[in-house]
Amino acid sequence: MIFMQLLESGEIEDLHDDILRYCPEYNNVMPERYADNPISFYHLLTHQSGVSHLSDMWEGEKLNLAFRPGSDTMYSSNGYGILGFVMGHIKGMSYSELVETYIAKPIGAESFDAPDIFAAPSGQVHSTIYDMAIFAIGVMD
């Protein structure tokens, strides 16, 4: 949801943009064999980035990719961690602040809380059942 709001506002120009364009911290992290295939937002959102799910994400200073970005699909919570980090960089906010600003406040879900850890974007949002119901109704509407 946060990504789509940033796309709609023009802060992210295109779904297929290379994440490096928005977050220089990912400069020179691609393994040599995949250097010609940057990771896009689309790859992260569709689990086609090649970023590992549970194994080590890094091999030295390079991403430890299971396959060439866009060539296969594999669930990756680490990929969503990268997505959260990049969105936070774009807005100059922590992931927790992104959740509060773009989800919790607009729907009045005061209990929504996302920890400021790399894994949070993969589903670590805490809430009361009432606020989760408000969120679900908002998504359905």
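The following dialogue works through confidence, salt bridges, a polar contact and a surface patch in a predicted model.

Colleague: Before I look at any side chain, what is the mean pLDDT of the protein, and in which helix is confidence lowest?

Modeller: The general idea is that where pLDDT is low, the predicted coordinates should not be read in detail. In this predicted model, the mean pLDDT is 92, and 100% of the residues reach 70 or more. Confidence is lowest in H5, at a mean of 89, whereas H2 has the highest value, at 98.

Colleague: Let me turn to charged residues, then; how many salt bridges does a search of the whole structure find?

Modeller: Side chains of opposite charge can pair when their charged atoms come close. Over the whole structure the search finds 5 salt bridges. One of them joins the side chains of Asp17 and Arg21, with an N to O distance of 3.0 Å, and these two residues also belong to a network of salt bridges that includes Glu13.

Colleague: Within that pair, are Asp17 and Arg21 buried or exposed, or something in between?

Modeller: Asp17 counts as buried because its relative accessibility is 11%, which falls under the 20% cut-off. Arg21, by contrast, has a relative accessibility of 48% and therefore counts as partly exposed.

Colleague: Which residue forms a salt bridge with Arg68, and what parts of the chain does the pair tie together?

Modeller: The partner of Arg68 is Asp36, and their closest N and O atoms are 3.0 Å apart. Arg68 lies in the loop between strand S2 (62-63) and helix H3 (77-91), while Asp36 lies in the loop between helix H1 (2-8) and helix H2 (41-45), so the salt bridge ties together parts that are 32 residues apart in sequence. As for accessibility, Arg68 is partly exposed, with a relative accessible area of 30%, and Asp36 is exposed, at 59%.

Colleague: And what is the distance between the closest N and O atoms of Lys105 and Glu100?

Modeller: In that salt bridge the closest N and O atoms of Lys105 and Glu100 are 3.6 Å apart, which is still within the 4 Å cut-off. Lys105 counts as exposed, since its relative accessibility is 60%, and Glu100 counts as partly exposed at 37%.

Colleague: Moving to uncharged partners, where is Ser77 placed, and which residues does Ser77 touch?

Modeller: Ser77 is placed in helix H3, and with a relative accessibility of 15% this serine counts as buried. Leaving aside residues up to four places away in sequence, Ser77 touches His53 and Ser122. With His53 there is also a polar contact of 3.1 Å between the two side chains.

Colleague: Finally, how should I read the surface: which residues form a nonpolar patch there?

Modeller: To be grouped in such a patch, a residue needs over 30% relative accessible area, and nonpolar side chains are joined within 5 Å. Here Ile129, Tyr130 and Met132 form the patch, which together have about 380 Å² of accessible area. Ile129 is found in helix H5, which spans residues 129-140, and Ile129 counts as exposed because its relative accessibility is 74%. Tyr130 is likewise placed in helix H5 and counts as exposed at 59%. Bear in mind, when reading this patch, that H5 is where confidence is lowest, although its mean is 89.

Colleague: How far is Tyr130 from Met74, taking their C-alpha atoms?

Modeller: Their C-alpha atoms are separated by 33 Å, and the two residues are 56 residues apart along the chain.

Definitions and conventions:
Residues numbered from 1 in each chain as written. Predicted model: local features only at pLDDT ≥ 70, side-chain atom pairs only at ≥ 80, totals over all residues. Heavy atoms only, no water. Patch = residues over 30% accessible without salt bridge, like charges linked within 9 Å, V, L, I, M, F, W, Y side chains within 5 Å. Areas by Shrake-Rupley, 256 points an atom, 1.4 Å probe, with all protein chains shown as cover. Helix = DSSP H or I, 4+ residues; strand = E, 2+ residues; numbered from the N terminus. Buried < 20%, exposed > 50% of the residue type's maximum accessible area, 1.4 Å probe, protein only. pLDDT = per-residue confidence, 0-100. Polar contact = N/O pair within 3.5 Å; in protein donor to acceptor, adjacent residues only side chain to side chain. Contact = heavy atoms within 4.5 Å.
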